[in-house]
Amino acid sequence: MFFLHNLERRVLLHPSYFGKNMTELVTTKLVKDVEGTCTGDYYIIAIMDTFDLSEGRILPGSGMAEFTVGYRAVVWRPFKGEVVDTICTSVNQHGFFANAGPLSIFVSSHLIPDEITYDANATPPQYTNHSDIVIEPGTHVRIKIIGLRTGVGEMFAIGKIDGDYLGCLQA
């Protein structure tokens, strides 16, 4: 689910950048450092604007300036029970991996409907019901998240496709 969060971050600016346009440089560095990253709880998708920029503080010994920047960002936090549209990235006999943006999701073969089976002889290997459903790399799949694991700067999920309106999305 997407949220709008007020966040804060310290930004360091090298002395060679000191001058008239320091606020734009601090904002540019903030965007470059933060957008597209994972905090462990959510992904920062985009920075909307900055609303609080402190005066720079010179750090002893290095000469770099430290600014504290308050900013608003659009963040994405996946939840257990959320349904997401993904793209399959790899398939093996134990299940398949799919990506929902930056989030990697594994769907175990036990969480795939019984009529969809693994076909190792196909090129590339795939899950199929031998009629109209084929899950192979590049296939769009709707998955329900049933578990999340977070680490430092990363998130992983476990999903299932054995439910109503889940599974392979037809073009």
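Where is P124 found? In this predicted model, P124 sits in the loop between β8 (117–119) and β9 (126–128). The peptide bond that joins T123 and P124 is cis. Its omega is about -5°. A further backbone feature concerns H130. This residue is not a glycine, yet its phi is positive, at about 65°. H130 belongs to the loop between β9 and β10 (134–135).

The chain is divided into two parts: domain 1 covers 2–76, and domain 2 covers 83–168. Their centres, taken over C-alpha atoms, are separated by 36 Å. Contact between the parts involves seven residues of domain 1 and nine residues of domain 2. Together the two domains bury about 600 Å² between them. Of this area, 69% is on carbon and sulfur atoms. On the side of domain 1, the residues that lose the most area to domain 2 are G40, Y43 and W76. These three together account for 73% of what that side buries.

The interface was also examined for polar links. Zero salt bridges are found across the interface of domain 1 and domain 2. The count of residue pairs in polar contact between domain 1 and domain 2, with both residues at pLDDT 80 or more, is likewise zero. By class, the side of domain 1 that touches domain 2 has four nonpolar residues, two polar residues and one charged residue.

Database annotation gives another division of the chain. UniProt, in an unreviewed entry, lists residues 8–63 as "domain: RNA polymerase Rpb7-like N-terminal". Over residues 8–63 the chain is 23% helix and 34% strand. The end C-alpha atoms of that span are 22 Å apart. A second UniProt annotation, also from an unreviewed entry, is "domain: S1 motif" and covers residues 78–150. Residues 78–150 are 0% helix and 56% strand. Here the end C-alpha atoms lie 11 Å apart. T123 and P124, joined by the cis bond, fall within the stretch annotated as 78–150. H130, with its positive phi, is also within residues 78–150.

Salt bridges were then counted. The total comes to five. One pair is formed by D49 and R72, whose side chains meet at 3.0 Å, N to O. D49 lies in strand β2 (residues 43–53) and R72 in strand β4 (residues 65–76), so this salt bridge ties together parts that are 23 residues apart in sequence. Both strands fall within the bounds of domain 1, 2–76. Strand β2, at residues 43–53, also falls within the annotated span 8–63.

Notes
Residues are numbered from 1 along each chain as its sequence is written. This is a predicted model: local features need pLDDT of at least 70, side-chain atom pairs count only at pLDDT 80 or more; totals for chains, interfaces and linings use all residues. Side-chain values use heavy atoms; hydrogens and water are left out. UniProt positions are given in the numbering used here, feature names are shortened, and annotations may be inferred rather than shown by experiment. Helices (H or I, at least four residues) and strands (E, at least two) are DSSP runs, numbered from the N terminus. Domain bounds come from an automatic or database domain assignment. Contact means heavy atoms within 4.5 Å. Buried area is the accessible area (1.4 Å probe) that two parts lose on being put together, summed over both. A salt bridge is a side-chain nitrogen of Lys or Arg within 4 Å of a carboxyl oxygen of Asp or Glu. A polar contact is a pair of N or O atoms within 3.5 Å; within protein, one must be able to donate a hydrogen and the other to accept it, and residues adjacent in sequence count only if both atoms are side-chain atoms. Ala, Val, Leu, Ile, Met, Phe, Trp, Tyr, Cys and Pro count as nonpolar, Asp, Glu, Lys and Arg as charged, and the others, Gly among them, as polar.
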